[in-house]
Amino acid sequence: MNDLLIAGGIGVAFGWALECAGLGDPPKLAGQFYLRDFTVLKVMLSAMLTAMLGVFWGGRLGMLDPNALYVPETYLLPQLVGGLVFGLGFVLSGLCPGTSCVALASGRVEGAATMLGLFVGVLLVGLAFPEIEPFYRSTPHGTLTLQRLTGLPYGIVVALVTVIGVSMLAWIAKREAAR
Amino acid sequence: MRPLRSYAEPHATGVCLGLVLLACFALTGQGLGASGAFASVASGVIAAVSPETAAHSAYFRSYLQDGSPWTAWLVVEIMGVLVGAAASAALAGRTRLTFVRAVRPSGGRLFAGLAGGILMGVGAALARGCTSGLALSGGALLSVGAWIFMVALFLAGFLAAPLLRRLWP
């Protein structure tokens, strides 16, 4: 029960933040792919850098254990192909799974259309699963992280990702200022 | 179209979203998610309609093994997302009632939304996560698969965008 209260609370905060950023607005999201509106990249990069640095420094200061967190496992080909298919769907609908819920909640009927599509999509994979299971389980690499892949210390990878991420945000800001 | 109250500053909102993700990591040991909620509900529907079909697919089974799929963590989290986004939009005067107002999207846009949803459902199922669960949460934990997924999705998006220009004038 306690778990579900946390789930609901985290969900409310998540939905609230996405809506405030304008990520329930399909033309705004699609605008990212036409380089007209950089909100998607700005929000995603800022959020990812914040959480990454929070986990790193939380671990350093003994406030949480980064090794106890669930790291999504790497399956090279399914995630590459899945990402390509997902990206195409993202431009078509101007929404992603989380933001489709935000779109519906802010009164946009497109959100419901995308949510219905998502439901059908996962249903199709589930129904066809006996046939696609070999591909789904192919090229497994376990809990592969960038630090394990490169052999660099955790702190160095965090620093490099921070520098690259902040540089991208600065480049976007400069580009927008020039217009 | 009536003017909408403007959105919050994206970097600041991104930092807030990152803190929500960080709180989620600290409280539950895992990240946020969205597509998993759709998979849970789909598994629940299949199990109710045809238990044999559900038992035949390891994909559905994986969502049915830990208690009821209707009260799975991610399903409740997504309920929260709907509530939080609705409250935020309503309080900021940004709710657009496309059901009743003249801002209703075209049939083509709705069809594209549906088709895009199907593709994202397939893509997220194959990749084991979507923009929230894999790209954002996994990216913050420096998972290689999460970064591959993120690069692939933006690559496909940027490549497909010129072909879909008519959809987003």
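This report walks through the pockets, the cysteines, one buried glutamine and the overall layout of a predicted model.

## The chains in outline

Let us start with chain A. Its secondary structure comprises 9 helices and 0 strands, and along the sequence the pattern reads α-α-α-α-α-α-α-α-α. Along the principal axes, the C-alpha atoms of chain A fill a box of roughly 50 × 45 × 40 Å. Chain A has 179 residues, and 56% of them count as buried. Of the contacts in chain A between residues at least 6 apart in sequence, 62% join residues at least 24 apart.

For chain B, the domain assignment gives domain 1 (32–95) and domain 2 (106–169). The contact between these two involves 5 residues from domain 1 of chain B and 7 residues from domain 2 of chain B. Taken over C-alpha atoms, the centres of the two domains are separated by 19 Å.

## Two pockets

Where does the largest pocket lie with respect to domain 1 and domain 2 of chain B? Both domains give residues to its lining, so the pocket lies between them. The space in this largest pocket comes to about 1,000 Å³. Its lining is made of 41 residues, and the closest to the centre are A:Tyr70, B:Gly36, B:Tyr63, B:Leu74 and B:Arg128. Chain A brings helix H7 (129–136) to the lining with two or more residues, while chain B does so with helix H2 (35–49), helix H4 (58–64), helix H5 (73–91), helix H6 (107–127) and helix H7 (131–140).

The second largest pocket also draws on both chains: at least two lining residues each come from helix H3 (39–60), helix H8 (146–150) and helix H9 (154–178) of chain A, and from helix H8 (144–160) of chain B. Nearest the centre of this second largest pocket lie A:Leu45, A:Met168, B:Trp147, B:Met150 and B:Val151.

Here are the two pockets in figures.

| Pocket | Volume | Lining residues | Classes in the lining |
|---|---|---|---|
| Largest pocket | about 1,000 Å³ | 41 residues | 21 nonpolar, 16 polar and 4 charged residues |
| Second largest pocket | about 460 Å³ | 20 residues | 18 nonpolar, 2 polar and no charged residues |

## Cysteines without a disulfide

How many disulfides are there over all chains? The count is 0. Two cysteines help to show the reasoning, for which the cut-off is a pair of sulfur atoms within 2.5 Å.

Take A:Cys96: the closest cysteine sulfur belongs to B:Cys130 and is 6.4 Å away, so it is too far for a bond. With a relative accessibility of 7%, A:Cys96 counts as buried.

Then there is B:Cys16, whose closest cysteine sulfur, in A:Cys20, is 8.2 Å from its own and therefore too far for a bond. B:Cys16 counts as partly exposed, because its relative accessibility is 43%.

## A glutamine with partners in both chains

Is A:Gln79 buried or exposed? Its relative accessible area is 0%, so A:Gln79 is buried. This residue sits in helix H4 (residues 76–93) of chain A. Setting aside neighbours within four places in sequence, A:Gln79 is in contact with A:Glu73 and A:Thr74 in chain A. From chain B, the contacts of A:Gln79 are B:Ala127, B:Leu134, B:Gly145, B:Ile148 and B:Phe149.

Notes: Residues are numbered from 1 along each chain as its sequence is written. Chains are lettered from A and ligands numbered from 1 in the order in which they are written. This is a predicted model: local features need pLDDT of at least 70, side-chain atom pairs count only at pLDDT 80 or more; totals for chains, interfaces and linings use all residues. Side-chain values use heavy atoms; hydrogens and water are left out. On a 1 Å grid over the protein atoms alone, a cavity is a set of points where a 1.4 Å probe fits but cannot get out, and a pocket is an open set with protein on both sides within 12 Å along at least five of seven lines; lining residues have an atom within 4 Å of a point. Grid points are joined across faces, edges and corners, and a volume is the space filled by probe spheres set on the points. Helices (H or I, at least four residues) and strands (E, at least two) are DSSP runs, numbered from the N terminus. Ala, Val, Leu, Ile, Met, Phe, Trp, Tyr, Cys and Pro count as nonpolar, Asp, Glu, Lys and Arg as charged, and the others, Gly among them, as polar. Domain bounds come from an automatic or database domain assignment. Buried means under 20% relative accessible area, exposed over 50%, partly exposed in between (1.4 Å probe, protein chains only). Contact means heavy atoms within 4.5 Å.
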